[in-house]
Amino acid sequence: YYMSSEIEKNISTMEEEQEKLELAVNKLRGLDEQQKQFIGNVTHEFKTPLTVIMAYLELIEMYSDDPELWEDAKENIQKETNRLVKMVEKILHLATIEKYDFESQMEQVEVKKILEELCERIRIKAQKYGLRLDTDLESAVIWADQENLTHIFINLLDNAIKYNEPHGKIVVKSYVDHQRVWIQVSDTGIGIPLEMKEKVFEPFYTVNKDRSKEFGGTGLGLALVKKLVENQAGTIHLIETEGKGTTICVSFPLYTDEHVQGSIHDES
Ligand code: ADP
């Protein structure tokens, strides 16, 4: 009897291990697929602007005395080059976060203060949209990297400007619930269909390619934002907006003593 129960235990342990292994292999396979797709996308996204640039260069060579063509070429080459530069920057940033996430400078951050600073920074650009900060956080503190938070909210606010309607509004709302700080960035713009709520966070995904391109978009902003949020124990979702427009909701755990205990004590 003793033997058989011992064997049974071993078998169930082995089964558990096998399950874990299968899960790990599946995860690796998934990653591989994702990586393949990513490389395919990068190749495609780089080819498009390069083709435009090369086509214009050829045209200029053929019709070098057409001033209108020069103007047109200058504008388009500049636009495509800017997009390429932005894309390279964002791809490098994405790759860096994936490999070196431990380099974040985690510290206590007063959320209300940083939101006020960021709204101030973008106020002129958002002037048309009556950017409003609606916060009932008095001194809520989270454990985060200030530079990452800046990237996250400047990206979200930039999108709220880019995809807004001419007389649209932007509201940033924040509150504490369930030991987390919640921050919602809402606009009254063209909106994102809710069935795309997962897809918009994938690299290179754009709902409306033309509108995105018009503003030098790359489809990498939200993928970057999601990585940065999740690196700081945060969550990010597209949620339903009252009326029309887009609302992106981000949350971070409130700071507790455990955050400091769990990290290296280099301040003492
Ligand atoms: P992009 O550089 O194209 O703006 P993002 O990764 O920031 O890329 O966003 C992905 C796509 O999600 C955008 O191309 C756009 O279609 C959509 N999107 C993002 N934010 C908004 C918003 N506030 N309102 C409407 N659409 C948005």
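Begin by selecting helix α3, residues 111-122, in this predicted model. The helix has 12 residues, and the distance from its first C-alpha to its last is 17 Å, close to the 16 Å expected at 1.5 Å a residue.

Next, display the side chains of V111, K112, I114, L115, L118, C119 and I122, which are the buried residues of α3. Looking down the axis of α3, one finds these buried residues within an arc of 165°, so they line one face of the helix. Then turn to the other side of α3, where E120 and R121 are exposed.

What do the buried residues of α3 pack against? To see their partners, add the strands β1 (107-110), β2 (132-135), β3 (141-144), β4 (170-177) and β5 (180-187), together with the helix α4 (146-162).

Keep α4 selected and add helix α6, residues 221-230. Two packed helices are described by the angle between their axes and the distance between the axes. Here the axes come within 9 Å and cross at roughly 145°, and α4 passes α6 in a left-handed crossing.

For the contact itself, select N148, H151, I152, N155, L156 and N159 in α4; these meet G221, L222, V225, L228 and V229 in α6. By class, this contact of α4 with α6 comprises six nonpolar residues, five polar residues and no charged ones.

Finally, remain with α6 and colour G221, L222, A223, L224, V225, L228 and V229, which are buried. Why may α6 be called largely enclosed by the rest of the structure? Seven of its 10 residues are buried, so the description applies to α6.

Terms used:
Residues numbered from 1 in each chain as written. Predicted model: local features only at pLDDT ≥ 70, side-chain atom pairs only at ≥ 80, totals over all residues. Heavy atoms only, no water. Helix = DSSP H or I, 4+ residues; strand = E, 2+ residues; numbered from the N terminus. Expected span 1.5 Å × (residues − 1). Buried < 20%, exposed > 50% of the residue type's maximum accessible area, 1.4 Å probe, protein only. Arc of directions from axis to C-beta. Contact = heavy atoms within 4.5 Å. Axes fitted to C-alpha atoms, helices over the stretch in contact; angles between N-to-C directions. Left-handed = near helix turned anticlockwise from the far one by under 90°. Nonpolar A, V, L, I, M, F, W, Y, C, P; charged D, E, K, R; others polar.
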